[in-house]
Amino acid sequence: MNNVGKNMNDVIPSPVGREAPKDSVIAQETLKMKARNVDVFYADKQAIDDVSIDVGLENVVAFIGPSGCGKSTFLRCLNRMNDTIPIAKVTGEITLDGEDIYASDMDVVQLRARVGMVFQKPNPFPKSIFENVAYGPRIHGLAASKLDMDAIVEKSLRRAGLWEEVKDRLQDSGTALSGGQQQRLCIARAIAVDPEGILMDEPCSALDPIATAKIEELIHELRGRYAIVIVTHNMQQAARVSQRTAFFHLGTLVEYGDTSDLFTNPREERTKDYITGRYG
Amino acid sequence: MSALSLFVLVFGLATIAWIAARFRAARAVPLGEARAHSLPSYHGWYVALWLAIPALLFLSVWSVVSPGLVEQSVLSSSAAEALPASQIEREAILGEARALADGSLSAAFNEEARGLVPAYQQASGYYGMIGIVATLLLAFAGGAFAFLRIRPDFRARNRVERVVMWVLLIASLIAILTTVGIVASLLFETIRFFERVSVVEFIFGTQWSPQVADASGDEGSFGAIPLFWGTVLIGAIIAMIVAIPLGLMSAIYLTQYAAPRVRSVMKPVLEILAGVPTVVYGYFAALTVAPAVRDFAVTVLGISSASSESAIAAGVVMGVMIIPFVSSMADDSIAAVPGAMRDGSLAMGATNSETIKRVLVPAALPGIVGGVLLAVSRAIGETMIVVMAAGLAANLTVNPFESVTTVTVQIVQLLTGDQEFNSSKTLAAFALGLVLFIITLLLNIVALGVVKRFREAYE
């Protein structure tokens, strides 16, 4: 796209034989998250090997690759959810608006409020729909009054495209909704704290095609407001929702580029094999 | 031959039959023919079961019936005509004669008994022989019947499986029937008690003094309110004030904060606490906690009359005792909350303790409540600690520094020592037992219901 190659000076030279640099550059003004030379170890096993990637506001980024290739692991590095796994160790540099998120003075709680996450399986809390959305604003003290809270909940549910379906039953349990509605509730819950980025870990893999279409539509609408990264097993989905795609294989970033280029004209043999269905 | 050696003999025969039948079944399929329906060992089991079960059933019935038959034949013998008419004397002489006959007594006190010995020996030899012959006949008949049925297409496996099912069914029925029997015996004695003392007075009366009941009549001495209040005060209030927070917090620490190595040490240690005999807790309560509580009451609170037996000493120690119950149930139910819930909350930027307080504990609450109810039902059935630390005085008081007593302690009190089984005092123990049983039963039903609903929510 037009942004590619503008800011070569932004790129840290990567080790010999890797081709990431040129692709990992995006326009400075919309750049949100930047990862450089990230390695992840689970005990002695290396799960991620030297991954560098940029994420901006304008472009939805999709991570694709076969199961176990490390795409979810890497996604979880972006808001330090790997901290909850005691044996996981992350090295390299990941920044959010230029701040190193693995710096010792970075408050993880604050970070996760800025970079939200939506999981593979919808995981609403066993509380009412209202309380699910109000959860984040409440713990971060974002609403000064009951009216504020009502407004935040309504705004979040509207953005998640769920308001019309649930406005009359906000006190019903969140777990009583359908799978697709639950997932949109989780997205509403994530955007209720007004984050800067949203990480989605295979958000549609447990949903039927209609619910999937709704979530994809929602991702289109949220683009530009939030930096969005989505992990998906479904290559058509990656092609539909993302502007940029990263292909992971065996813990390495094989190729990162504009989605249209990557799918029509992959530079790497392995990428080509994967998207044509030869393995994975 | 005694019943025991006969039993061993039948067992040995069954083993031989098992081996023989297995061998025969293995040979029964000619080479190249279709496969037999059942494995040889199933044929072995089939024959062994046919050999052993009818024979052993007969043996067990016979060992119950034959002493009666022996006695009858002795009584009808000529030597028995000289026996006294009184039932008790006759029984005594017969018992002596029996002991002389089987050699467990060497010398007789009664001349009549000595006269009966030959008759006894003859009769028991006769019936014993019948028993042996019939048992062995049944064993051989059963074994032969089954052995002759060994054929490649005989469905021995299905039949053996059915026997296994019956054995398991009988095993589970024994526990249930025992419970029913216990309840029934409680029920009959309780009905007898309520013929003497009115139900209303028992349940709503506030005066408990069974010691004076014999002297001053039954009215006004059997009000169980002080006992149930004491039980509730110690088991459901004081013990729970100790056990719920400590148990819950230790469960939260163990599931959410403890490193795996710490958990692997602390959890078993905590569970050992559940294995300490309650008498040991009783010592601890009576010798250490109760005096400390009294000193505290006298010096700090200025209650000069504080007794060395108090509700609070027993309740606190009981609370410590049931910490493992609360904590292991809470541990299980917190661990059963899907990890996705926790991740979801952490990913919202909630801290660990916010996640626990707002998501994990509410989601696990039914399981925790179930655990607490089970702990309560255990606490109110507890006796030893209360006997040793809380005393025997049936006071109706809310002051935890006073001595109170509980239902179980009073049952012990009413039934120990020399008691005649016909007084209202002893019968009252059964009534108390029944009411306690009903209360714990209801608590358990509610608790299990709550836990079950919780499980369904996440499956």
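**Exercise 1. How many residues of chain B are in contact with chain A, and with how many residues there?**

The model is predicted: local features need pLDDT of at least 70, side-chain atom pairs count only at pLDDT 80 or more, and totals for chains, interfaces and linings use all residues. Residues are numbered from 1 along each chain as its sequence is written, while chains are lettered from A and ligands numbered from 1 in the order in which they are written.

Step 1. Apply the contact criterion: C-beta atoms, placed from the backbone, within 7 Å. The result is 14 residues of chain B against 20 residues of chain A.

Step 2. Assign elements, where helices (H or I, at least four residues) and strands (E, at least two) are DSSP runs numbered from the N terminus. On the chain B side, α12 (339-347) and α13 (352-380) give two or more residues. The most come from α12(B), with 6 residues.

Step 3. Sort by class: Ala, Val, Leu, Ile, Met, Phe, Trp, Tyr, Cys and Pro are nonpolar, Asp, Glu, Lys and Arg charged, and the others, Gly among them, polar. The chain B side has 9 nonpolar, 3 polar and 2 charged residues.

**Exercise 2. Compare the span of helix α2 of chain B with the expected value, and locate its bend.**

Step 1. The expected span is 1.5 Å times one less than the number of residues. For the 36 residues of α2(B) (40-75) this is 52 Å, and the helix reaches 53 Å from first C-alpha to last, close to that value.

Step 2. The bend is the angle between axes fitted to the seven residues ending at a residue and the seven starting there. At B:Val65 α2(B) bends by about 35°, and B:Pro67 follows within four residues.

**Exercise 3. Describe how helix α1 of chain B packs on α4 of chain B.**

Step 1. Axes are lines fitted to C-alpha atoms, for helices over the stretch in contact, and angles run from 0 to 180 degrees between N-to-C directions. The axes of α1(B) (3-28) and α4(B) (111-148) come within 11 Å and cross at roughly 15°.

Step 2. Angles under 35 degrees count as roughly parallel, over 145 as roughly antiparallel, 65 to 115 as roughly perpendicular and the rest as oblique. Therefore α1(B) and α4(B) are roughly parallel.

Step 3. The contact includes B:Leu6 and B:Val10 of α1(B) and B:Ile132 and B:Thr135 of α4(B). Its residues divide into 8 nonpolar, 2 polar and no charged.

Methods:
Contact = placed C-beta atoms within 7 Å.
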